[in-house]
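Q: Please take a close look at a single part of the model shown here, and set it in the context of the whole chain.

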Amino acid sequence: MHWFCKPSPEHRTHHLHLVVPGSEAWNEELAFRDALRAEPETARAYEELKRRLADEHIHDREAYTAAKTEFVESVLARVL
């Protein structure tokens with residue numbers, strides 16, 4: 001996977017993930033997306049988690065991302 005961010009890695013306002021079609025990362029991204037689309041309660045829980053973590057980790061993008069990992073992995077374990 002490759003990623004691109006703007007304006008700099010130290011101050012990211014946007015980032016783009018590039019994954020190879022058919023790769024494990026590709027399949028996981030689509031499976032997670034599909035689970036959120038198919039399960040409104042999972043989507044709501046993820047939204048609530050993201051909002052809470054955004055407040056808690058307002059200046060630490062890596063901590064925010066790490067804190068979402070358990071939720072994402074639990075969804076993927078269920079749907080893959």
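What share of the 80 residues in the protein do buried residues make up? With that as background, please describe in detail how helix 2 and helix 3 meet.

A: The model is a predicted one. Buried residues account for 18% of the 80 residues in the protein. The protein exposes about 6200 Å², and 56% of this area is supplied by carbon and sulfur atoms.

The overall architecture comes next. The protein contains three helices and two strands, and from the N terminus on these elements follow the order β-β-α-α-α. If contacts in the protein between residues at least 6 apart in sequence are considered, 36% of them join residues at least 24 apart.

The requested part is the pairing of helix 2, which spans residues 40-56, with helix 3, which spans residues 61-79. The axes of helix 2 and helix 3 come within 9 Å and cross at roughly 165 degrees. Since angles over 145 degrees count as roughly antiparallel, helix 2 and helix 3 are therefore roughly antiparallel to each other. The crossing of helix 2 and helix 3 is right-handed.

On the side of helix 2, the contact involves Thr42, Ala45, Tyr46, Leu49, Lys50, Leu53 and Ala54. Their counterparts in helix 3 are Tyr64, Ala67, Lys68, Phe71, Val72, Val75 and Arg78. Sorted by class, the contact of helix 2 with helix 3 comprises 10 nonpolar, one polar and three charged residues.

Thr42 merits individual attention. Thr42 lies in helix 2 and is one of the residues that meet helix 3. Its relative accessibility is 10%, and because buried means under 20%, Thr42 counts as buried. Not counting residues up to four places away in sequence, Thr42 touches Leu36, Phe71, Val75 and Arg78. Of these partners, Phe71, Val75 and Arg78 belong to the helix 3 side of the contact, whereas Leu36 falls within residues 24-38, the span of helix 1.

Helix 1 also offers a point of reference for accessibility. Glu29 is found in helix 1, and at 46% relative accessibility Glu29 counts as partly exposed, whereas Thr42 at 10% counts as buried. Glu29 and Val19 are separated by 10 residues in sequence, and their C-alpha atoms are 9.3 Å apart in space.

Methods:
Residues numbered from 1 in each chain as written. Predicted model: local features only at pLDDT ≥ 70, side-chain atom pairs only at ≥ 80, totals over all residues. Heavy atoms only, no water. Axes fitted to C-alpha atoms, helices over the stretch in contact; angles between N-to-C directions. Helix = DSSP H or I, 4+ residues; strand = E, 2+ residues; numbered from the N terminus. Parallel < 35°, antiparallel > 145°, perpendicular 65-115°, else oblique. Left-handed = near helix turned anticlockwise from the far one by under 90°. Contact = heavy atoms within 4.5 Å. Nonpolar A, V, L, I, M, F, W, Y, C, P; charged D, E, K, R; others polar. Buried < 20%, exposed > 50% of the residue type's maximum accessible area, 1.4 Å probe, protein only. Areas by Shrake-Rupley, 256 points an atom, 1.4 Å probe, with all protein chains shown as cover.
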